[in-house]
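Visitor: Please walk me through this model. I will ask short questions and would like short reasons.

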Amino acid sequence: MGTKLIIIVALVLGGIAIAQLMRLYELSSKMSKSDESEVGTRDNNLNGRLMLGFMAFLFLGFIWLMMEFGWTGRGEAASVHGKAYDWLLDLNFWIIIIVFFLTNALLFVFAFKYTKKPGVKAFYFPHNNKLEMIWTIVPAVVLAVIIILGLRTWNDITADSGKDAINVELFSKQFDWTARYAGDDNILGKFDYKLTTDANELALMTTATIDTAIASMESGVNGIKTIESKLNDPSLIMVPEERAKMVEDLSRKQRLIRLLYQMREKHNSKIDASAYDDVIQKDTLYLCENQPYEFTFRAKDVIHSAYFPHFRAQMNTVPGVVTRFKFTPDISTKSMREKKNDPAFNYVLMCNKICGGAHYKMKMIVVVLPKGEYDSWMNSKKGPGSFKSIFQPVVEAPAPAVEPATADSTAVAPVV
Amino acid sequence: MAAVAHEAHGHHDSHGHHDDHGHHEEGFVSKYIFSQDHKMIGKQFLMTAIFMGIVAMILSILFRIQLAWPGEGSDFVSFFLGEEWAPGGVMKEDMYLGLVTIHGTIMVFFLLTGGLSGTFSNMLIPLQLGARDMASGFLNMLSYWFFLISSLIMLFSMFVESGPAMAGWTIYPPLSALPQAVSGSGTGMTLWLVSMTIFIASSLIGSLNYIVTVLNLRTKGMKMTRMPLTIWAFFVTAVLGVLSFPVLLSAALLLMMDRLAGTSFYLSDIIVGGEMLTNHGGSPLLYQHLFWFLGHPEVYIVLLPALGLSSEIISTNARKPIFGYRAMIGSILAIGFLSFIVWGHHMFVTGMNPFLGSVFVFTTLLIAIPSAVKVFNYLTTLWKGSLHLTPAMMFAIGLVSTFITGGVTGIILADSALDIAVHDTYFVVAHFHIVMGMSAVLGMFAGVYHWFPKMFGRMMNLRLGYAHFWVTLVGAYGVFFPMHFVGLAGAPRRYYDYSAYNEFDTSSLDMIMDLNIIITFFAIIAAIGQLLFLFNFFYSIFRGPKAPQNPWKSNTLEWTTPVEHIHGNWPGELPTVYRWPYDYSKPGSEVDFIPQTVPLADGEEEH
Ligand code: HEM
Ligand SMILES: [Cu+2]
Ligand SMILES: [Cu+2]
């Protein structure tokens with residue numbers, strides 16, 4: 001409270017001080033008969049010179065920032081397309097830096113040089129077609145080059161990945177990432193969000209997961225049966241809002257369960273295998289050096305964005321839609337640490353689309369391993385980390401449909 | 001001064017009301033509050049916008065403190081947020097997002113759309129065209145009142161228990177549709193949508209009025225090709241608003257339906273807060289298309305008026321015709337048209353079809369051409385001029401600088417390939433603050449300094465104006481220039497703090513933190529510098545020296561009206577226009593300006 005008072009008092013005193021200064025200024029300007037509409041020669045010249053001074057501040061400031069921080073604060077690109085990206089970025093930067101210096105210099109130099117001088121009249125120069133043609137055409141040509149080069153890189157980056165790309169899915173939710181490797185068949189198993197249960201956080205689709213989802217929705221802790229019995233229990237006294245909420249919850253679950261039954265009808269158990277061999281991985285994403293990857297992205301709740309600054313890669317993850325991005329990491333974490341001379345350095349996957357309070361913490365460390373190390377890591381993962389061993393159908397007393405807080409801790413334990 | 005009593009309302013006209021139509025007894029309420037006079041309405045817009053601008057600026061200082069000194073308690077923060085939202089003077093994560101959201105919303109819509117167009121279109125369209133008032137005074141009044149109500153609702157939304165909207169000023173669903181996802185998507189978001197709906201109504205009514213006035217109420221001789229560039233800019237701005245704001249309204253209404261009526265326009269396959277929703281088949285990308293169909297033209301709705309004002313100010317104070325008048329009009333029209341077919345550049349990494357992305361690259365980079373033409377024309381106007389460096393002129397020159405500096409980084413962002421690694425980083429924040437935020441704010445200041453004598457019949461203090469300009473320009477560059485480098489280090493925007501970097505890259509973290517402290521330092525300086533303006537502004541309204549008839553020796557019609565405001569603007573007949581507004585330093589003329597009302601001399605050619 002004390003500080004608040006001090007702030008207010010300081011503001012009031014400051015106001016009074018300026019008011020007094022103004023009085024003084026007014027008195028003095030009355031004596032010297034200056035007029036607010038006629039800018040005096042002194043003011044004009046002073047401000048003209050300050051324009052030059054400001055130009056120096058702007059340019060030197062820019063050069064200092066460049067030297068101190070550079071334009072690749074995130075370091076050398078660590079992916080194949082990233083090299084092309086950086087080349088293009090540098091080229092564009094050189095173009096715009098030249099334009100920045102040139103036009104700002106003209107602006108401030110003119111502002112200085114052509115300040116009013118007694119007896120010098122302005123030059124009446126309303127238009128000139130030739131000049132205007134020049135500065136329409138020159139930017140147009142430069143832009144054409146920028147567009148052509150840009151689109152070439154864009155087409156390469158967004159093209160289909162080749163056959164030898166490994167499929168990896170990144171699953172995003174508030175506020176973490178889960179990776180799913182396609183396993184030996186390099187096919188990612190199908191999924192449907194309605195199959196989400198504690199034991200099946202990624203909602204993969206197999207005969208057993210469908211059964212579990214149905215069981216949990218019907219007779220889990222918050223299942224349809226429980227809700228119905230609560231609603232029909234005369235001894236339970238509920239506030240009307242609570243009851244209304246329960247009724248709504250029930251009707252939602254009844255709609256979902258119908259869809260789940262339809263799903264079971266249509267399900268072909270032959271595809272179960274493609275899901276069971278998928279390898280699920282939290283916390284750290286391991287990638288193999290010089291191996292092309294085809295990433296697909298999913299979101300459970302809101303939009304997130306998978307941003308890999310060091311690989312110059314980014315793609316939004318959108319609920320209800322599967323998005324994709326491909327890249328080939330080409331510098332292992334170890335060599336990057338050596339290059340950067342920073343033994344603690346790591347690549348990272350950050351969330352780059354506002355997604356709620358802890359958005360700024362939503363990240364996953366990325367480790368790029370040389371082929372040998374990667375293979376042995378993968379081999380050790382295939383058994384215990386596969387969906388087949390993670391997923392334990394819970395038939396008797398299914399857990400509540402979804403309870404993310406506990407889901408995390410219980411499901412992670414066996415994985416890592 | 002009896003008028004001092006009205007101070008508190010802020011809509012003060014410092015002069016007695018001389019009205020040649022004879023109704024002297026016009027009451028306080030109809031003169032200051034429910035006024036239908038375009039000049040008073042313009043001032044009402046200005047006062048409201050200044051207030052909103054101050055609020056948004058304080059919000060930015062609050063979250064800048066968090067960014068520079070994360071986790072350190074601050075008295076300043078706790079003063080404004082209290083224990084509820086900032087226990088121990090450290091703001092909560094949610095509140096950080098809320099502040100950023102409301103800051104962006106107020107700056108873009110309330111300060112620079114409502115404030116800038118509202119003030120100057122109202123003030124200048126009738127005065128510079130030689131009209132007695134807007135086409136419909138009543139609708140004009142309505143437009144202001146809707147604006148005020150929406151402003152109040154937006155402010156009020158910051159005080160609800162679950163906090164203000166927290167999904168960013170772009171309020172992308174599903175985040176903005178699901179109260180389970182973030183607390184601000186409850187009541188706060190509803191109020192945001194209600195406020196914006198009313199705001200859109202205000203903007204539409206205003207814009208239609210401007211368009212009709214420009215088309216129908218030009219005085220004798222005021223051909224379209226003799227209109228000042230200010231009017232051209234306001235006119236195209238109004239057209240853009242009429243075509244694009246309804247699309248935002250539809251986006252907002254669909255969002256409202258998803259929130260309240262259980263529809264699935266934007267929602268599909270979602271589990272949030274442990275609840276499995278049944279919505280299926282909606283598309284979050286639909287929202288983004290609708291939003292940016294407004295959102296990009298919005299950038300030009302903000303910018304064009306500022307460019308129009310600065311064209312007029314630069315020409316007047318350079319004592320030279322604006323170079324390439326017709327090319328300037330052509331550029332305004334081209335920018336206006338192109339701004340409707342570039343919205344996809346905000347969506348390169350949303351999963352939109354890459355080919356569609358290529359098309360948007362092409363259209364976006366096209367817009368750089370008319371923008372470049374404008375810059376070169378400004379430069380040529382200064383060349384061999386006789387510059388009167390009034391504060392307005394200085395701000396206009398500052399605008400040209402920020403328009404260049406912010407414009408060139410747009411070339412990086414418009415290139416879909418390059419956008420991949422800078423999208424949604426601080427590089428973008430730097431870009432749009434300089435090109436849109438700073439340019440428009442500098443343009444608005446230029447306008448206020450230049451037309452203050454016309455609005456209030458008094459002059460502002462020059463020296464304070466200069467001091468204000470230099471603090472603002474240095475502060476603005478000091479804040480937004482380093483942000484590019486934060487972005488190039490890979491720092492995402494809308495992050496509450498960057499301590500997560502500790503776990504993977506401490507050298508980048510050091511760099512980001514160093515820069516963040518520099519930025520916050522300049523932000524605080526720039527914010528304090530605005531006190532110079534506020535003081536000068538309010539002080540001069542009451543005590544500034546009386547304005548002469550035509551203080552800047554300008555050619556346009558507004559300076560032929562009496563200094564003291566009257567209904568109908570001109571006491572006698574409306575003026576007749578004989579020439580374009582830019583006959584400055586015309587060879588063969590004694591004086592260095594020839595007002596539009598002066599007939600062509602024998603044998604004189606129009607420009
Ligand atoms: C005092 C001067 C200002 C400072 C220090 C400032 C600073 C900031 C910062 C740090 C952000 C957060 C960026 C992020 O995390 O994404 C931000 C957001 C924003 N600012 Fe400013 N800003 C200022 C003035 C303005 C002006 C004049 C405008 C008008 C265009 C503006 C428009 C915005 C917008 C649209 C956003 C995005 C909000 C969002 O992410 O939803 N700001 N500002
Ligand atoms: Cu996220
Ligand atoms: Cu845009």
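**Metal sites and their surroundings**

Visitor: Is His103(B) buried or exposed?
Guide: A caution comes before the answer: this model is predicted. The cut-off for buried is under 20% relative accessible area. His103(B) has a value of 10%, so the residue counts as buried.

Visitor: Which residues coordinate the iron atom of ligand 1?
Guide: The coordinating atoms are NE2 atoms, at 2.0 to 2.1 Å from the iron. Two residues supply them: His103(B) and His433(B).

Visitor: How many residues apart in sequence are the parts that this pair ties together?
Guide: His103(B) belongs to helix H4 (residues 93-129) of chain B. His433(B) belongs to helix H13 (residues 426-456) of chain B. The pair therefore links parts of the chain whose separation in sequence is 330 residues.

Visitor: What is the arrangement of the six donor atoms around the iron atom of ligand 1?
Guide: Six donors need opposite atoms over 155 degrees apart and all other angles between 65 and 115. Here the angles run from 84 to 178°. The arrangement is therefore octahedral.

Visitor: Is His433(B) buried or exposed?
Guide: The test is relative accessible area, with buried set at under 20%. His433(B) comes to 17%, so this residue is buried.

Visitor: Which residues come nearest to ligand 1, and which elements give two or more residues to its shell?
Guide: There are 25 residues around ligand 1, and His103(B), Trp169(B), His433(B), Arg493(B) and Arg494(B) come nearest. Arg493(B) places a polar side-chain atom 2.9 Å from a ligand oxygen, and a polar backbone atom of Arg494(B) is 2.6 Å from an oxygen of ligand 1. The elements giving two or more residues to the shell are, in chain B, helix H2 (38-68), H4, H13 and helix H14 (462-488).

Visitor: Which side chain makes a polar contact with that of Thr105(B)?
Guide: Thr105(B) sits in helix H4 of chain B. At 0% relative accessibility, this threonine counts as buried. Beyond four places in sequence, its contacts are Phe110(B), Met154(B), Trp169(B), Trp192(B) and Met196(B). The polar contact, at 3.1 Å, is with the side chain of Trp192(B).

Visitor: Which residues coordinate the copper ion (ligand 3)?
Guide: The donor spacing in sequence is H-x48-H-H. One donor residue, His345(B), is buried, at 12% relative accessible area. The donor atoms are one ND1 and two NE2, at 1.6 to 2.0 Å, and in that order they come from His296(B), His345(B) and His346(B).

Visitor: What is the geometry at the other copper ion (ligand 2)?
Guide: Ligand 2 is coordinated by His304(A) (ND1), Cys351(A) (SG), Cys355(A) (SG) and Met362(A) (SD), at 2.1 to 2.5 Å. Cys355(A) and Met362(A) are both buried. Four donors pass as tetrahedral if all angles lie between 85 and 135 degrees. The angles here are 91 to 120°, and the site is tetrahedral.

Visitor: How are the donor residues of the copper ion (ligand 2) spaced in sequence?
Guide: The donors, from His304(A) to Met362(A), belong to chain A. Their spacing reads H-x46-C-x3-C-x6-M.

Visitor: Which residues does Asp342(A) contact beyond four places in sequence?
Guide: Asp342(A) lies in the chain A loop between helix H9 (333-340) and strand S9 (347-351). Its relative accessibility is 13%, so Asp342(A) counts as buried. The contacts are Arg337(A), Asp505(B) and Thr506(B).

Visitor: Where is the cis peptide bond from Gln174(A), and what is its omega?
Guide: The bond leads to Phe175(A). Phe175(A) is in the loop between strand S1 (166-173) and strand S2 (176-181) of chain A. Omega is near -5°.

Visitor: What is the omega of the cis bond that joins Pro173(B) and Pro174(B)?
Guide: Pro174(B) is in the loop between helix H5 (137-156) and helix H6 (187-216) of chain B. The omega of this bond is about 5°.

Visitor: What is the phi of Arg319(B)?
Guide: Arg319(B) occupies the loop between helix H8 (284-318) and helix H9 (325-338) of chain B. With a relative accessible area of 3%, this arginine is buried. Phi is positive, in a residue other than glycine, and near 55°.

Notes: Residues numbered from 1 in each chain as written. Chains lettered and ligands numbered in written order. Predicted model: local features only at pLDDT ≥ 70, side-chain atom pairs only at ≥ 80, totals over all residues. Heavy atoms only, no water. Donors = N, O, S within 2.8 Å, 3.2 Å for Na, K, Ca; no water. Buried < 20%, exposed > 50% of the residue type's maximum accessible area, 1.4 Å probe, protein only. Helix = DSSP H or I, 4+ residues; strand = E, 2+ residues; numbered from the N terminus. Near = heavy atom within 4 Å. Polar contact = N/O pair within 3.5 Å; in protein donor to acceptor, adjacent residues only side chain to side chain. Contact = heavy atoms within 4.5 Å.
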